[in-house]
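Me: I have a model open and would like to talk through some of its strands and any enclosed space. Could we take it one piece at a time?

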Amino acid sequence: MAMASLARRKAYFLTRNVTSSSTDALRFSFSLSRGFASSGSDENDVVIIGGGPGGYVAAIKAAQLGLKTTCIEKRGALGGTCLNVGCIPSKALLHSSHMYHEATHSFANHGIKLGSVEVDLPAMLAQKDNAVKNLTRGIEGLFKKNKVTYVKGYGKFLSPNEVSVETIDGENTVVKGKHIIVATGSDVKSLPGITIDEKKIVSSTGALSLSEVPKKLIVIGAGYIGLEMGSVWGRLGSEVTVVEFAGDIVPSMDGEIRKQFQRSLEKQKMKFMLKTKVVSVDASGDGVKLTVEPAEGGEQTTLEADVVLVSAGRTPFTSGLDLEKIGVETDKAGRILVNERFVTNVSGVYAIGDVIPGPMLAHKAEEDGVACVEFIAGKHGHVDYDKVPGVVYTHPEVASVGKTEEQLKKEGVSYKVGKFPFMANSRAKAIDNAEGLVKILADKETDKILGVHIMSPNAGELIHEAVLAINYDASSEDIARVCHAHPTMSEALKEAAMATYDKAIHI
């Protein structure tokens with residue numbers, strides 16, 4: 001089975017690399033000829049605007065491929081939103097707040113008795129900040145190691161081959177490149193009539209640095225970020241209410257998993273107001289007052305909070321780049337349009353990550369960056385957005401890859417389902433952390449795995465066996481016949497696979 005999957009994989013790559021349109025092929029051929037033509041010593045092979053996960057990874061990969069590379073970053077600190085005010089600091093606070101919650105709620109069950117347990121918020125925030133600083137410096141070290149030129153400033157296009165940079169030192173310089181990649185990421189999506197001051201009305205950035213634990217926190221938006229930050233402050237003592245316009249939390253999640261996930265969060269005292277519209281926000285007093293009404297209209301009510309977190313999604317960040325000056329096309333959502341080689345409609349200009357269609361995820365941006373510069377260097381890049389994993393880093397975590405059951409029904413695909421609860425997993429029971437399940441969706445005729453959804457502690461780590469399986473067209477029987485160490489949480493994935501193609505053993 002594994003050899004057959006490998007053969008299919010090779011055939012896929014060979015087919016994919018010769019099926020681009022003649023227009024794209026000519027454009028790519030032209031860009032390659034320009035990419036390796038002789039030029040002045042001040043011209044780069046590759047210039048990247050943006051030093052986030054997509055941009056800095058693209059810069060390092062380009063340099064490793066022998067291309068003279070410059071990366072421009074306006075923040076003055078590499079890592080983008082993810083490292084500075086997103087993925088990394090939020091995970092630091094999620095871990096710290098979970099440790100506090102365990103100390104106050106679970107230690108006694110394990111025979112560990114403590115006196116009083118207190119939150120030292122300044123120390124907790126300092127630990128988060130130190131993690132960010134160390135990682136940022138680490139990326140700068142990687143730039144030096146790989147001889148990537150780092151320019152700190154705000155870049156905008158002068159032409160398809162020139163970027164004007166207002167440096168953080170107040171100077172102006174022009175950076176030239178044969179290939180320019182836009183990797184400027186995304187920004188917080190605003191809501192009409194709501195002004196974010198990062199004090200009482202905060203974005204995810206402000207929610208990472210609150211000076212005290214709010215007694216009442218209202219989260220507008222029940223997506224990944226809102227639920228994670230709500231979890232942080234809820235564990236530390238906030239009364240958290242989530243207001244969501246849609247009828248479900250995390251709409252992209254598998255429906256069955258979503259329902260169990262919401263019940264789990266409700267047991268943690270997180271409250272939900274679904275199908276609810278925010279009409280207005282008043283922050284003129286000591287706290288914040290929200291006027292809300294049913295999404296379909298109806299009687300209005302008022303909610304009060306100390307802090308409101310606006311977490312209604314993110315939008316591509318392309319303002320000030322002067323894309324229109326060089327004629328780069330965007331869609332209605334402001335995303336830059338590219339072909340399968342990440343080339344825009346302007347020859348020599350590329351775009352990756354959150355500024356183009358696809359999942360707005362740091363790891364997706366990294367894969368875009370690698371694939372893009374591989375194409376520029378004459379190699380073969382590849383990113384399959386249908387096989388990008390997603391993780392909600394609450395407790396329990398929820399991780400998924402591939403299709404949901406709702407998507408398969410909509411597409412008319414015949415499928416079978418295998419599930420296994422962690423209540424029947426020996427390791428989960430031994431550590432008294434057995435909430436959740438593994439759910440596998442496979443093609444009814446071929447047994448090919450189509451989607452995997454996990455709700456459990458460390459689901460974000462467990463999902464990658466499924467990611468690898470889906471990328472190599474494995475069947476549920478393939479996973480079921482692989483020996484998994486005992487006792488481990490990963491055995492739940494094996495058992496769910498057994499339940500998919502035949503029968504599980506331990507339930």
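**Strands and a cavity**

Reply: A good place to begin is β11, which pairs with strand β12 (residues 288–294) in the antiparallel sense over six bridges; please keep in mind that this is a predicted model.

Me: Which residue stands opposite serine 280 there?

Reply: Serine 280 has threonine 291 in β12 standing opposite.

Me: And what is the strand order in that sheet?

Reply: The order is β11-β12-β13, an open sheet of three strands with antiparallel pairing. Because β11 (276–282) and β13 (301–305) stand at the edges with a single partner strand each, one side of each is left without a neighbour in the sheet. From one strand to the next, the twist averages 30°.

Me: What holds paired strands together in general?

Reply: Strands of a sheet pair through backbone hydrogen bonds, and the pairing can be either parallel or antiparallel.

Me: Switching to β20, is that strand mostly covered or mostly uncovered?

Reply: Strand β20 (residues 437–443) is mostly covered, with seven of its seven residues buried.

Me: Which residues lie on each side of β20?

Reply: Leu437, Lys439, Leu441 and Asp443 are on one side, while Val438, Ile440 and Ala442 are on the other, and all of these are buried, so that both faces of β20 are covered. As background, side chains in a regular strand alternate between the two faces of the sheet.

Me: Which strands does β20 pair with, and over how many bridges?

Reply: Strand β19 (residues 415–421) pairs with β20 in the antiparallel sense over seven bridges, and six bridges join β20 to strand β21 (residues 449–456), also running antiparallel. Alanine 442 in β20 takes part on both sides, standing opposite lysine 416 and having isoleucine 449 as its bridge partner in β21.

Me: How many residues sit between β20 and β21?

Reply: There are five residues between β20 and β21, which form a hairpin, and in the turn aspartate 447 has a positive phi of about 70°.

Me: New topic: how many cavities of 30 Å³ or more does the structure hold?

Reply: The structure holds one cavity of 30 Å³ or more, and about 50 Å³ of space lies in the largest cavity.

Me: What lines the largest cavity?

Reply: The lining of the largest cavity consists of Val188, Ser204, Ile225, Val310, Ser311, Ala312, Gly313 and Arg314. By residue type, the lining of the largest cavity divides into four nonpolar, three polar and one charged.

Note on methods:
Residues numbered from 1 in each chain as written. Predicted model: local features only at pLDDT ≥ 70, side-chain atom pairs only at ≥ 80, totals over all residues. Heavy atoms only, no water. Pairing = 2+ DSSP bridges. Helix = DSSP H or I, 4+ residues; strand = E, 2+ residues; numbered from the N terminus. Axes fitted to C-alpha atoms, helices over the stretch in contact; angles between N-to-C directions. 1 Å grid on protein atoms, 1.4 Å probe; cavity = no way out; pocket = protein on both sides within 12 Å on 5 of 7 lines; lining within 4 Å. Points joined across faces, edges and corners; volume = space filled by probe spheres on them. Nonpolar A, V, L, I, M, F, W, Y, C, P; charged D, E, K, R; others polar. Buried < 20%, exposed > 50% of the residue type's maximum accessible area, 1.4 Å probe, protein only.
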